[in-house]
Amino acid sequence: MSKTKSNTNQKKIRLSEKDSLMQSVYIERLERFLALAELSYVLKTAPRIYPKIK
């Protein structure tokens with residue numbers, strides 16, 4: 001594909017202030033969810049340490 005053809009196919013997206021806020025909230029919540037999923041996996045696969053009973 002030539003340069004001019006690829007440039008005409010690209011569209012610029014303009015977000016309103018409300019859309020921008022909603023997108024930032026969505027990204028923040030997605031990051032929190034992924035952090036919780038990662039923590040859950042780490043805790044599930046962590047080696048167990050059992051105390052010695054005397």
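**Salt bridge, surface and helix contacts**

In this predicted model, the count of salt bridges comes to one, under a rule that asks for a side-chain nitrogen of Lys or Arg within 4 Å of a carboxyl oxygen of Asp or Glu. The pair in question is formed by R32 and E28, whose closest N and O atoms are 2.8 Å apart, and it satisfies the rule because this distance lies within the 4 Å cut-off. Side chains of opposite charge can pair when their charged atoms come close. Both partners belong to helix α2, which covers residues 17-45, and because they are four residues apart in that helix, R32 and E28 are separated by about one helical turn. The two residues also fall into separate classes of accessibility: R32 is exposed, with a relative accessible area of 53%, whereas E28, at 39% relative accessibility, counts as partly exposed.

Considered as a whole, the protein chain contains two helices and zero strands. Of its 54 residues, 0% count as buried, a class that is reserved for residues under 20% relative accessible area. The surface that the protein chain exposes amounts to about 6300 Å², and carbon and sulfur atoms supply 60% of this area.

Part of the surface is organised as a nonpolar patch of about 520 Å², to which Y26, I27, L30, F33 and L34 contribute. One of these residues, F33, is found in helix α2, and its relative accessibility of 52% places F33 in the exposed class, because that class begins over 50%. F33 directly follows R32 in the numbering of the chain, so that helix α2 carries both a member of the nonpolar patch and the two partners of the salt bridge.

A further contact in the model involves T45, which is likewise found in helix α2. A polar atom of the side chain of T45 lies 2.9 Å from the backbone oxygen of Y41, a separation within the 3.5 Å used for polar contacts. With a relative accessibility of 45%, T45 counts as partly exposed, as does E28 at 39%.

Note on methods
Predicted model: local features only at pLDDT ≥ 70, side-chain atom pairs only at ≥ 80, totals over all residues. Heavy atoms only, no water. Buried < 20%, exposed > 50% of the residue type's maximum accessible area, 1.4 Å probe, protein only. Areas by Shrake-Rupley, 256 points an atom, 1.4 Å probe, with all protein chains shown as cover. Patch = residues over 30% accessible without salt bridge, like charges linked within 9 Å, V, L, I, M, F, W, Y side chains within 5 Å. Polar contact = N/O pair within 3.5 Å; in protein donor to acceptor, adjacent residues only side chain to side chain.
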